[in-house]
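Biologist: I have a model open and would like to go through it with you. Can we take it piece by piece?

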Protein chains: 2
Amino acid sequence: MTSPNGTTNSSGPRKARLSREVVLSAALELVDAEGLEALTMRRLGQELGRDPMSLYRYAANRAALLDGVTERVLNELAIFVDDRDWQAQLRRIGHDLRLLALRHPNVVPLLVTRPLSTPLGLRPLGTLRPLEQILALLIAAGFSPADALHVYRAYYGFLYGHILNELQEYIVDPDENEAVLRLGLHRLPAKEFPHLRALGPVLAEYDGDVELDQGLSILLSGLATQLSGPPQQPLG
Amino acid sequence: MTSPNGTTNSSGPRKARLSREVVLSAALELVDAEGLEALTMRRLGQELGRDPMSLYRYAANRAALLDGVTERVLNELAIFVDDRDWQAQLRRIGHDLRLLALRHPNVVPLLVTRPLSTPLGLRPLGTLRPLEQILALLIAAGFSPADALHVYRAYYGFLYGHILNELQEYIVDPDENEAVLRLGLHRLPAKEFPHLRALGPVLAEYDGDVELDQGLSILLSGLATQLSGPPQQPLG
DNA sequence: GACAACTTCTCTACGATGTAGACTTTAGCC
DNA sequence: GGCTAAAGTCTACATCGTAGAGAAGTTGTC
């Protein structure tokens, strides 16, 4: 019954050797399934069939664990630095990030919040990689470094803003989406919130994808014309 | 030594009657001064010279206390629904909200995060008021309700995105601003983060106000031209 | 095989947190 | 005075992160 290499035997997800990967995966799974508050050291230990304290080999503390999770999620984002059509690239990345956020909505608060309490240089490297790569992309497309930074800021700012907005309106329980929404709106005092209440139906039809795309169009073309020097289109 | 009406006697901030206002003010002060984690029931009780349990008269639980704080902060934002120049209004509100965020940086995570876990209709009313008022503003300026919602989304999304961005780069310790920034960047592996490292000086000169204003210009003019029907300018 | 050195995992324990429930104190009114 | 309701307090408990000491498991060398 000794399985010398890796594969565990019968009794469930038991004693395979832990690793940072395994721990972070389990953590992400847990967060996706039950939310951030469910991710306690004890609970995660239990999920892995280990003593909670064993986790401290793979993350210095709970905060580091959270950082690991955000890092892992951001790694799912692919950025191709060589594409010369920066607008198309930024547009695609934007949609990808949106989908990422919809796939891991419970992680979004981390994505958005943790950088606020950590100076730039001390963040997990995986977190900074998108920034670096987008800068590379823009610079390769002909922007000066300083302009690239401006574009990045406007772009990423808008992107995160959109994601927050969309997740706010997205109800977690997909069944109750419309019902809860209206029920919610129903509770608002009619005299103070006439417009909001009237928008119930429109709110229910929110299409985040096209909304994002329209916003990106405005932003990208605006950026392209505002910044004088750099290339408008990589066409002949 | 009996002071019949209100004013406490010598020994420090003692036994004045509590109220929701007083509690929330103290909570906000605490958060501003020492951050969100410092806001525990026990600590706040101590700050008010009261038993922690007394706070539950004024907020159902800790989450409700946090909601109260965000509500209180958002109340500092003034919106004038009657102004017909919607672009100017949105621009002003944007700058106001930015300043609000800089005044209460520790509250921003709440502003951004709490709506994610609460369906729209169940949020504290004070939180929804800006939304309602901006809708009113846009509709009064001639937009259809649905278009007003689109404008609102793009606008607020961009705005929150900008604020998050700016706070990320803003170092809490104003003295060490440049030093910490560079020290931080210094730690990055040179081969993986060449562009980011090179941008150190530029990062240090970040002027959030003009950055915001430029972004708003792009966005507002883009929105004005994209949406066919509504008025461009309230002139002539 | 035996031993040693090291890594990984577990046990126990401590202080801090949110908050339920029963109690005491206070304020306002007759 | 006494009565009632509100405001504030006390005690207690489950749960959290994590320090520190030790046990178990792994690996390398003979």
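Biologist: Over which residues of chain A does pLDDT stay under 50?

Modeller: Over residues 1-14, for which the model has seven contacts beyond four places in sequence. pLDDT is the predictor's confidence in each residue, from 0 to 100, and contact means heavy atoms within 4.5 Å. Where pLDDT is low, the predicted coordinates should not be read in detail.

Biologist: What is the mean pLDDT of chain A?

Modeller: The mean is 87, and 85% of the residues of chain A reach 70 or more. This is a predicted model, so local features need pLDDT of at least 70 and side-chain atom pairs count only at pLDDT 80 or more, while totals for chains, interfaces and linings use all residues. Residues are numbered from 1 along each chain as its sequence is written, chains are lettered from A and ligands numbered from 1 in the order in which they are written, and side-chain values use heavy atoms, with hydrogens and water left out.

Biologist: How many helices and strands does chain A have?

Modeller: Chain A has 11 helices and zero strands. Both are DSSP runs numbered from the N terminus: helices are H or I with at least four residues, strands are E with at least two.

Biologist: What share of chain A is buried?

Modeller: Buried residues are 48% of the 236 in chain A. Buried means under 20% relative accessible area, exposed over 50%, and partly exposed in between, with a 1.4 Å probe and protein chains only.

Biologist: Pick a helix residue. Is Leu167(A) buried or exposed?

Modeller: Leu167(A) is buried, at a relative accessible area of 7%. Its place is in helix α7, residues 145-169 of chain A.

Biologist: What does Leu167(A) touch?

Modeller: Leaving out residues up to four places away in sequence, Leu167(A) touches Ala101(A), Leu102(A), Pro105(A), Val108(A) and Leu116(B). Ala101(A) is 66 residues from Leu167(A) in sequence, and their C-alpha atoms are 8.4 Å apart.

Biologist: Chain B turns up there. What rotation superposes chain A on chain B?

Modeller: A rotation of 180° with 0.0 Å of shift along its axis, at an RMSD of 0.0 Å. The two copies are thus related as by a two-fold rotation axis. The superposition is by least squares on the C-alpha atoms of residues with pLDDT of at least 70 in both copies.

Biologist: Why do you say the copies meet through the same surface?

Modeller: Because 100% of the interface residues of chain A are also interface residues in chain B.

Biologist: On to the DNA. Which residues are closest to strand D?

Modeller: The closest are Arg42(A), Asp51(B), Met53(B), Arg57(B) and Tyr58(B), and 18 residues surround the strand. A residue counts as near if one of its heavy atoms lies within 4 Å.

Biologist: Which part of strand D does Arg57(B) reach?

Modeller: A polar side-chain atom of Arg57(B) lies 2.9 Å from a base oxygen of DNA strand D. A polar contact here is a pair of N or O atoms within 3.5 Å. The side chain of Tyr58(B) has an N or O atom 2.5 Å from a phosphate oxygen of strand D.

Biologist: And what lies around strand C?

Modeller: Of the 18 residues around DNA strand C, the nearest include Asp51(A), Arg57(A) and Arg62(B). A polar side-chain atom of Arg57(A) is 2.8 Å from a base nitrogen of strand C, and a backbone N or O atom of Arg62(B) is 2.8 Å from a phosphate oxygen of strand C.

Notes. Polar contact = N/O pair within 3.5 Å; in protein donor to acceptor, adjacent residues only side chain to side chain.
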